[in-house]
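User: I have the model open and would like a close look at one part of its interior. Please start there and then work outwards to what surrounds the chain's other elements.

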Amino acid sequence: MTPAETSPVPRTIEELRRTVGGLVGEDPDAISDDDDLVLDWALDSVRAMTFVGGLRKAGVEVTLLELTEAPTLSAWWALISARADGAR
Amino acid sequence: MSGGVAEADDAIAEVVPAPAPLLPLTAAQEGIWFAARLDPDGAAFVTAECLELRGDVDLELLARAVRTAVDEAEGLHVVLEEAGDAPLQRVAPPADWPLPVVDLRGEPDPDAAAQRWAHAAWRRPLDPATDRLFDEALLRVADDVVLWFQRVHHLAADATALSLLARRAAEIYGALLADEAPVAAWFPSLAATLEVERAYRASPAAERDAEHWRGRCTPAPRVTVLSDRPEGGTHEIHRASVPVGDGLRAALHAAGDATGGSWPEVVMAGVAAYVARMAATAGREDDEPVDEVVLGVPLLARLGPVALRSPATMVNVVPLRVPVRPDGTPADVVRAVTAEMRTTRRHQRHRGEELRRTVGALGRGRALYGPLVNVLPFDYALRFGDVAAVVRTLGAGPVDDLSFNLYDRGDAPPRIDVEANVARYAADDARLHAERIAVWLERFARAVVDGAAAADGPGPDAGRAGGGGRPEAHGRPTVGALDLLTPHERDLVLDGFNATDRPVDPSLTLVALMDRALREHPDREAVRCGDDAVTLAELHARAAVLADALRADGAGPGRIVAVAVPRSVDLLVALVGVLRSGAAYLPLDVDLPAGRLEAMLEDARPVSAVVAESADGAAAWDDALARRRPDATRVEPAPVGATRAGQPTDEGGQVADALRGSSATAEVAELPRCPEHTEFPTSGVENSARFGPEGGSGAAAPGPDSPPPNPVAPAVPPGPDDPAYVLYTSGSTGRPKGVVVPHHAIVNRLLWQDAALPIDAARGDRILQKTPVGFDVSVWELFWPLIAAVPLEVAPPGAHRDPRAIAALVARTGVTHAHFVPSMLGLFVDEPLAAECTGLRRIVCSGEALPPELRDRLRAVLPDTELHNLYGPTEAAVDVTHWPCADDAPGDPVPIGRPVWNTRTLVLDPQGRPVPIGATGELHLAGVQLADGYLGRPDLTDAAFVPGPLAGEDARMYKTGDLARWRPDGAIEYLGRRDHQVKIRGQRIETGEVEARLLEDPAVRGAAVIARDDGPGGTRLVAYLVPADATSPPALEAHALRRRLAETLSDAMVPSAFVVLDALPLTPSGKLDRRALPAPDDASTDGARGAPDGADAPPATLTEELVRALFAELLALPRVGPDDDFFLLGGHSLLAARAVARLREALGREVSIGTLFAAPTPSALALALEDEGDGGALDVVLPLRRGGDRPPLFCLHPAGGIGWGYAGLARLLPADQPVVALQARGLAGPHALPVTMDAMVDDYVARIREVWPTGPYRLLGWSVGGVIAQAITARLEHEGAEVDLLALLDAYPSDQWRDLAAPTEAQALTALLNIAGHDPGRLGDEPLTREGVVAVLREDGSALASLSEESLTAMVRIVVNNATLMRTHVHRPFGGDALFFAAGAPRTETWLDVAGWEPYVRGGLRVRTLECTHAQMLHAGPLREIASVLERQLSGAGGR
């Protein structure tokens, strides 16, 4: 089980869910789209930064600030999918 | 607009903006504010950073960007206003603030200069109440390198806030560069930040978070830290930095991957494990194991868009409880951290400051957490245009204890900083922790990877938290197994600090060394005791004769001969004789109780014994036995093979073995041969005792007339491995055990000493022997001089207890080297005569911890005397470590020092591994000085002397049971015991041995003995007893127990106090709870009473009263009876010395400690003291100093009638000036008081003439005494006698008192206080009562307070009478002159005038004014001045 830095950009919200599940060390199916990933799932900044770093390496321009401002799967998916389109 | 008047005003009205509102502080700000207030050093609360920009940077644009960004952050520009308890803040518009551009390109080393500049700017004091909260600067270090320096008080920003500022500045710079408008300002206002906090506090989440933390902290966890010093009032830190190499970095990441933890979590786990391992090294018996470490973890605590963007301080430090088990794996710890962090993050907004308040209620003064772990990781790179910025943090925040900061921020090489609070850690500690943590973390992380690799394959469970319960897998390293030391450190503690190898001829023995000295200097003085002295040749000649005789008894290598000879030349002859015979000596201290001596003899089975037969020796021996066993007439016969040493038979008292000192033959009693010793070595080795100074004078050298050597036992010299001496030490199970020390061990010790502390007879060096022979310190005192051919001065028996006798002996005989146990040294330093011992070149201390204050006091008294601190158990040839105190600064703690030659000192954990420098472990010793073991006790020997593979070629180590730690400089610090062995006045005592003795009494069901420090006289033993029968009266029991214990235990081992309990308190695990044992109080020590009502018997004399009061005070008892024995009540030799010193003070004359030993009860002692004088302390004529042939100085009593006050003056006058005080009638018993002054004068003159019939006369008086003195001089002159001196101490003529009202009791009491040297004003305006005055006197330890009711009443009568006499007296003139000493301090009796004397002192007055009050005139300071003036007068020819 490894964090997301080496995995590719998630192509669906489900892939994102699995990736985030790995980040927080919990069962991905337990994470709902609108759960607060920080407060409800204790996502920490280091793991988040690692995730962001991986995305940026793959050309998806997101910032840590943006992700932490709205830390939900749905918000993240919206951001990533929009930016990823730009990268592809 | 209306109205005429208002118009003009409106036209010129200025728009003055309303002031910004006063806002509260955030919770974080409040916490910082209060902490910063307590610490004047503002710099501890300032965070600082340097951003390095490498490339083409437009300085002007950068400056504008920085200024704009800073001005956008409201929080940086607040002004604090104090309102009541808590301050408030007001956002002020940014004033014009400086942004200097500092050009360092011209410096020889611009980088270093920049570092210095930044450091200095960071540390400049900042007071948030008055100064600007931030500073900014740009430093040009090279043409293409600019440093942006910023520092901000923690009240305004934390590390995240600084990075937000940097980001904003970069944003603006980029826009300016591209000539675009920057993105709109996005810092939230301070008000908005406060609103976030308020909203949180009002939300249900806040209550959930609080609930979580209350649960986590109840009960408050034990916080382990790595320092035993308390938190100090400072935030100053030491900082040490180590780089993070690629290996460590990779290992941390790999460990994170392997466990599902982030690498910062691996670091936290590693630090927790490090702390647990470091704290666990001591192995003290009562220690609870460390199974949890509480770290302090700073959390961002920024949730939501406002918080995330706010350049304010929001960081929240919370406790993180990490379970660490030594038998768990590192991976377990990481998983535990990961799980705990996950939970913690969910509740991270609950402020640590509030948590502290909650927990504070549960544990006063408790810390919330231990070491901090601060990981500041990589953030994606900041770019200013296309120039990358690299962040370097200078300071993160205040540190109360330790902080481990790991910086991995972008391209700067990552590093670990250890910050350590200076109150708890030294700079070296910080450095060592830093070096160690880097190595440890890598080992730890690798072990995580290795351990996890052996685990089950990855699956949904693999990353789950709480993988505990996994059985210990094979081959996976546990936390406990990881090595804690860096390789460099390991080398140091095993080899570097222990590089003590010195070649010593392995064939040497004590005898060989002594022979060498003998051959070179046969006629040198060897030993002197009193008037008895011998040369080396004489000593060895006599010893050789004794050796021959002992050999006839079977003495030889491997055999033991007991020696029971008091200190004298004979003692040396005996010891050397035994050694020459090849045997080992077993010293028997004549002061030991007979029971103990018997036990030692039974155990050791010596083939012979040498006992002094000289009159003193035998008498002392017999006395010693008789004193302990007054009812014993016969001692049990000892088993075959041993000698019965010196028992008293019926009348006749014959001692079994004898040594005649001055004649040539030693008479040794016939003894049965021990069956197992019939075979004697017959190697025919040349008799080494047959020496003769080659061609020298050889007095009494063996020659044709000497008795032939015994053919049955040919002389065999001892070999280096043969035992040299056997000394007994306390045994924990009840029996003392004999330590056998071989020659090679003591040879090494003595040769080391001879090299480290060189001595030379030509220099006049002389060594003092005073330590009782049963203590191993005596070994070097006795033999060092003999091997160095330097004279040995033997102190007479008993002298070692009397500091005054020692000082006198040292000063008189020119001793240059002496040993003291620290508690004895303390008494010596206090002894006035010690200052005259300037000939003492060196003092050696050992046996107890040496307090730094004592070293400093000694330096003040004897500045040219070297002090050396030594340490070592009997099991390692006296001493194994040494510390010369010469370079110590005052107050520096005194370590036990560095190992001596060929000796290794190892500080090990309970598993036998070396502990890191600074950590506590058990001290183990290795090397040539180790004893062979315990005589006849292979079980004990094996337990204490263990295999030592670490000790290099040394095969064995001795476990001292002492706790110690290494200092970075290679010296060892002593930290106490693992077990319950204690040192009482330097003597080693196993409390278990005393307990065993107590339990032998059928009336005692349970016993515990501990050492306590909370009583008078230093450390003392207290025994706690549970009686077998609850009804047996404890008082009798204690008394009888004491007597019984004294039969078999040495002085120091008999408890000073006995406490009876219903049951011994136990800990939850069933062990004795020592901390719960109560301090003994009065009731418990009643067992030592003489008669049951003795304590209430009225005193026979004042002296007895004095003695009883003094004993009571020194022994902390409410009352002491006249027949109570000082020593049986718990007094010991040190308290005795103190008692004697106090008696000297109180009585104003010589009192010898021998008197106290001979008469230890108040009634006997008072008699003895009175016998020494002409009468009691209350007689009319009281000699204060007898010696000298000058005309005596007569001192007249003041109003109270007592002359003791002049004792101080007597001491200040030269020794040949006798001083006699005259005291009032009526003190010692009812007597008619004189009704006129003339009648009094009649009486006194008669007494004076009895003492000194013809004159000349010298008189002195203080207060009323001056009036009397003048009257006496007038009378003497009238009678035709010559008066040499009249001295008046603040005394005024009767005329000036006449008109005052008759004195009342109140006034009499005032006078009493004055006499005692107190200012009556001290008792305030309340009317004086007798009780009140007595209380004041008692409080100050005044001897007057010890007076009985009768005596005090008598004094009050006398005071009243004297005051009356004084008012009615009419002075007659005296023709001579007088010295007048005036009390210069302002006084209420303004009418007193020295001029009033003029009509009555025709020769005139010479006045000297002293700065003191009337009452203080007889105190030391003024007395010194008075004494020096008097002396000039008294010693002048004719005196006038």
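How many residues does the largest nonpolar core have, and which of them have the most contacts inside it?

Analyst: This is a predicted model, so local features need pLDDT of at least 70 and side-chain atom pairs count only at pLDDT 80 or more, while totals for chains, interfaces and linings use all residues. Residues are numbered from 1 along each chain as its sequence is written, chains are lettered from A and ligands numbered from 1 in the order written, and side-chain values use heavy atoms, without hydrogens or water.

The largest nonpolar core has 160 residues. Those with the most contacts inside it are B:Leu295, B:Val527, B:Tyr585, B:Tyr725, B:Phe783 and B:Leu786. A nonpolar core is a set of buried Ala, Val, Leu, Ile, Met, Phe, Trp, Tyr and Cys residues joined through side-chain atoms within 4.5 Å. Buried means under 20% relative accessible area, exposed over 50%, and partly exposed in between, with a 1.4 Å probe and protein chains only. Helix α9 (residues 263–279) of chain B gives the largest share of this core, twelve residues.

Take B:Leu786. Leaving out residues up to four places away in sequence, B:Leu786 touches B:Met514, B:Ala517, B:Ala526, B:Val527, B:Leu536, B:Leu539, B:Leu572 and B:Val576. Contact means heavy atoms within 4.5 Å. Another core, of 52 residues, lies apart from the largest one. B:Leu1222, B:Leu1227, B:Val1241 and B:Ala1269 are among its members.

Next, the sheet. Strands (E, at least two residues) and helices (H or I, at least four) are DSSP runs, numbered from the N terminus. Two strands pair if DSSP finds at least two bridges between them. In chain B, six strands form an open, mixed sheet in the order β5-β6-β7-β2-β13-β12. β5 (101–103) and β12 (382–384) of chain B are at the edges with a single partner strand each, so one side of each has no neighbour in the sheet. On average, neighbouring strands are turned by 30° against each other, direction ignored.

β7(B) pairs with β2(B) in the antiparallel sense over nine bridges, where B:Glu49 stands opposite B:Gln150. β6(B) also runs antiparallel to β7(B), joined by eight bridges. B:Leu138 has B:Trp148 as its bridge partner there. Two residues separate β6(B) and β7(B) in a hairpin.

Nine of the nine residues of β7(B) are buried, so the strand is largely enclosed by the rest of the structure. B:Val145, B:Leu147, B:Phe149, B:Arg151 and B:His153 point one way, and B:Val146, B:Trp148, B:Gln150 and B:Val152 the other. In a regular strand the side chains alternate between the two faces of the sheet.

At the other edge, three bridges join β12(B) to the antiparallel strand β13 (residues 387–395) of chain B. B:Leu382 has B:Ala389 as its bridge partner.

Two helices lie across this sheet. Helix α3 (residues 59–72) of chain B crosses β2, β5, β6, β7 and β12 of chain B, at about 160° to β6(B). Helix α4 (residues 110–123) of chain B crosses β2, β5, β6, β7 and β13 of chain B, at about 15° to β7(B). Axes are lines fitted to C-alpha atoms, for helices over the stretch in contact, and angles run from 0 to 180 degrees between N-to-C directions.

Last, the cysteines. A disulfide here is a pair of cysteine sulfur atoms within 2.5 Å. The count is zero over all chains. The sulfur of B:Cys845 is 7.8 Å from the closest cysteine sulfur, in B:Cys885, too far for a bond. B:Cys845 is buried, at 0% relative accessibility. B:Cys217 is buried too, at 5%.
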